[in-house]
Amino acid sequence: MNLKLHQQTHMQSWIIRVIRILRKAFLPSLKTTLWLLKIMIPISFVVTLLQYLGVIAWIAQYLDPVFQYMGLPGASAIAFVTGASVTTYACLAVMLSMQLTMRQATILGIMVLICHALPMESAVVKRVGSKPWRMAVLRIIAAFVAAFYLNLVLPDMPQPFNSSVVTGITPTPQELLWQWVISSLKLSLMIFGIIYGLMVIQRVFERLGIMQMLTKPLRPLMRFLGLPENASYLWLVGNVLGISYGSAAMIDLEERGQITREEANDVNYHLIMNHSMLEDTLVYATAGISAWWILSTRMLFALILVWGRRIALKIFNIQKKNSPIFLYVKKK
């Protein structure tokens with residue numbers, strides 16, 4: 001009887017703890033969701049309107065000559081600008097409406113996987129402490145460098161990416177607005193669900209000590225990637241779910257003093273090259289693009305960016321410390 005009573009008491013104690021965790025995670029999740037939606041919804045509406053008015057297609061025509069030097073048809077600039085403005089899904093939809101070889105689709109797909117949703121994701125990383133314009137410029141440069149790199153190393157892939165070209169029907173303004181409202185509502189519910197689940201998991205992990213258990217085995221990997229050793233959880237969230245959700249987790253940990261703003265900024269330099277690896281890779285691999293080229297290229301550019309930045313900062317600090325002005329001030 002005593003054992004049974006002890007088990008019941010233990011179970012009740014755990015139920016109470018879980019309820020407390022669920023309650024404590026609700027308001028921060030709602031707050032973060034509303035903050036994300038304030039950024040995402042207006043940007044989504046503006047970009048949807050610009051697409052409908054043909055502004056994005058007009059911008060894309062000026063990129064045609066550049067894309068031809070990367071082994072891509074000039075028209076692929078439309079797909080890139082669409083993906084850079086909105087999402088990888090929007091780019092894929094445009095790609096499927098074009099006549100591309102598998103080689104061209106691989107180059108274009110990886111460009112957009114490195115550089116997509118710039119208005120939204122740049123605004124998100126700003127909240128964490130990173131400079132949005134710097135992050136956006138780095139992603140654009142990396143996308144084009146990656147395209148030149150892939151154009152040099154990829155073998156010939158003459159097979160068609162999509163054998164049938166899909167012709168889209170232009171919706172009326174009313175239909176476009178309704179589609180945007182429905183997609184925004186679905187997006188809002190999905191974001192809250194994911195963020196709430198993430199924050200509950202964070203708190204459960206911390207309560208059980210799993211965060212520490214998770215961090216230690218991944219410390220060698222974090223060192224190899226050039227990231228803070230305690231960034232394992234953020235790295236996992238960002239790579240599995242993406243920048244927006246990774247930033248939501250960073251904000252929560254920052255507010256509770258689990259990670260500094262500088263460490264969160266360091267992680268962002270990796271994530272702008274290499275995030276949402278599970279979802280993005282599955283989506284584009286399903287469309288026929290090699291998962292190996294997706295994963296290896298994004299990881300390579302994340303390593304180059306993070307370690308290049310660390311080396312540059314170290315050199316800059318050494319030069320700064322050895323400068324006559326610094327030595328004079330230090331002496332004084």
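**Notebook: a predicted, all-helical chain**

I began with the nonpolar surface patch, and I found that its largest share, 6 residues, comes from helix α1 (residues 2-53); helices here are DSSP runs of H or I with at least four residues, strands are runs of E with at least two, and both are numbered from the N terminus. I noted that this is a predicted model, in which local features need pLDDT of at least 70 and side-chain atom pairs count only at pLDDT 80 or more, while totals for chains, interfaces and linings use all residues. Residues are numbered from 1 along each chain as its sequence is written, and side-chain values use heavy atoms, with hydrogens and water left out.

**Whole chain**

I counted 16 helices and 0 strands. Of the 332 residues, 43% are buried, where buried means under 20% relative accessible area, exposed means over 50%, and partly exposed lies in between (1.4 Å probe, protein chains only).

**The patch**

I listed F45, V46, L49, L50, Y52, L53 and L177 as the residues that make this patch of about 590 Å². L49, which lies in helix α1, counts as partly exposed because its relative accessibility is 37%.

**The core**

I then looked inward, where the largest nonpolar core has 82 residues, and F67, F80, M95, M111 and Y284 are those with the most contacts inside it; such a core is a set of buried Ala, Val, Leu, Ile, Met, Phe, Trp, Tyr and Cys residues joined through side-chain atoms within 4.5 Å. The largest share of this core, 9 residues, comes from helix α6 (residues 102-114). Leaving out residues up to four places away in sequence, I found that M95 touches A79, L100, A105, L108, G109, F161, Y284 and I289, a contact being heavy atoms within 4.5 Å.

**Helix α14**

I saw that the buried residues of helix α14 (residues 277-286) are M277, D280, T281 and Y284. Seen down the axis of α14, these residues fall within an arc of 95°, so they line one face of the helix; the arc is that of the directions from the helix axis to the C-beta atoms. The face turned away from the buried side carries the exposed residues L282 and T286. After α14 comes G288, whose phi is positive, near 115°.

**R298**

Is R298 in helix α15 (residues 291-322) buried or exposed? I found R298 buried, because its relative accessible area is 0%. Apart from neighbours within four places in sequence, R298 is in contact with L113, I114, H116, M273, N274, H275, S276, M277 and D280.

Technical notes. Patch = residues over 30% accessible without salt bridge, like charges linked within 9 Å, V, L, I, M, F, W, Y side chains within 5 Å. Areas by Shrake-Rupley, 256 points an atom, 1.4 Å probe, with all protein chains shown as cover. Salt bridge = Lys/Arg side-chain N within 4 Å of Asp/Glu carboxyl O.
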